[in-house]
Amino acid sequence: MIFSLILLAHWAGDFLFQSSKMALGKSQHLRWLGIHVLTYTATLLVFNVFLFSIKTALVYTLINGVLHGVTDFFTSKLAAKYSEKPRVFFPILGMDQLIHTITLYVTYQNIKLLLFL
């Protein structure tokens, strides 16, 4: 149940609150990537404070915010390169979402270990 809510938070932060300027600009300008990552991270944090202790929410959110930014740095550039080729573009978006989901899941499964680092 908790992981389902994390995925809902991911959807909200990565799609619902991502503007067109962020979506188009993050592949070309670090400023737009940073704004997207901050928006995503803030959204994830709002959800996480209801799911975890404050310390756990902060650690989990920070780790996933950074990893989300690293993932999007590469996948947004690749997606932009193939934006006119739907047969390549959409699998790239799918892979981006798969990477985000795996990242969220692995960090969720290992949060107790991460708290001790």
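**Exercise 1. Find M95 and decide whether M95 is buried, partly exposed or exposed.**

Let's start on helix 5 of this predicted model.

Step 1: M95 sits in helix 5, which covers residues 86–109.
Step 2: Look up its relative accessibility, which is 45%. Buried means under 20% and exposed means over 50%, with partly exposed in between.
Step 3: So M95, at 45%, is partly exposed.
Step 4: Now look at the company M95 keeps. Together with L98, I99, I102, Y105 and V106, M95 makes up a nonpolar surface patch, and the accessible area of this group adds up to about 530 Å².

**Exercise 2. Work out how far helix 5 reaches and which of its residues are buried.**

Step 1: Helix 5 has 24 residues, and from its first C-alpha to its last it spans 34 Å. That is close to the 34 Å expected at 1.5 Å a residue.
Step 2: Pick out the buried residues of helix 5: they are F89, I92, D96, Q97, H100, T103, L104 and T107.
Step 3: Ask what lies over them. The cover includes helix 1 (2–16), helix 3 (30–51), helix 4 (54–81) and helix 6 (111–115).

**Exercise 3. Compare Q97 with F15: which helix holds each one, and how accessible is each?**

Step 1: Q97 belongs to helix 5, while F15 belongs to helix 1.
Step 2: Q97 has 19% relative accessibility, so Q97 counts as buried. The cut-off for buried is under 20%.
Step 3: F15, at 44%, counts as partly exposed.
Step 4: Check the contacts, skipping residues up to four places away in sequence. Q97 touches H10, D14 and F15. From the other side, F15 touches H10 and Q97.
Step 5: For a longer view from F15, go to Q109. These two are 94 residues apart along the chain, and their C-alpha atoms are separated by 24 Å.

**Exercise 4. List the residues of the largest nonpolar core and say which helix gives the most to it.**

Step 1: The largest nonpolar core has 11 residues, namely F3, I6, A9, Y40, L44, F52, A57, Y60, L104, I111 and L114.
Step 2: Helix 1, helix 3, helix 4 and helix 6 each give two or more residues to this core.
Step 3: The top contributor is helix 1, with 3 residues.
Step 4: Zoom in on one core member, A9. Apart from neighbours within four places in sequence, A9 is in contact with T43, L44 and F47.
Step 5: For background, nonpolar side chains tend to be buried together in soluble globular proteins.

**Exercise 5. Find the salt bridge, then see where S76 fits in.**

Step 1: The count of salt bridges comes to 1. The partners are the side chains of D72 and K26, at 3.3 Å from N to O.
Step 2: Place them on the chain. D72 is in helix 4 and K26 is in the loop between helix 2 (20–25) and helix 3, so the pair, 46 residues apart, links distant parts of the chain.
Step 3: Buried or exposed? D72 is buried, at 1% relative accessible area, and K26 is buried too, at 12%.
Step 4: Turn to S76, another residue of helix 4. With 7% relative accessibility, S76 is buried.
Step 5: Setting aside neighbours within four places in sequence, S76 is in contact with K26 and S27.
Step 6: Lastly, take S76 and A23. They are 53 residues apart in sequence, and their C-alpha atoms are 8.3 Å apart in space.

Definitions and conventions
Residues are numbered from 1 along each chain as its sequence is written. This is a predicted model: local features need pLDDT of at least 70, side-chain atom pairs count only at pLDDT 80 or more; totals for chains, interfaces and linings use all residues. Side-chain values use heavy atoms; hydrogens and water are left out. Patches are made of residues with over 30% relative accessible area and no salt bridge: like charges are joined within 9 Å, nonpolar side chains (Val, Leu, Ile, Met, Phe, Trp, Tyr) within 5 Å. Accessible areas come from the Shrake-Rupley method with a 1.4 Å probe; for residues, only the protein chains shown count as cover. A salt bridge is a side-chain nitrogen of Lys or Arg within 4 Å of a carboxyl oxygen of Asp or Glu. Helices (H or I, at least four residues) and strands (E, at least two) are DSSP runs, numbered from the N terminus. Buried means under 20% relative accessible area, exposed over 50%, partly exposed in between (1.4 Å probe, protein chains only). The expected span of a helix is 1.5 Å times one less than its number of residues. Contact means heavy atoms within 4.5 Å. A nonpolar core is a set of buried Ala, Val, Leu, Ile, Met, Phe, Trp, Tyr and Cys residues joined through side-chain atoms within 4.5 Å.
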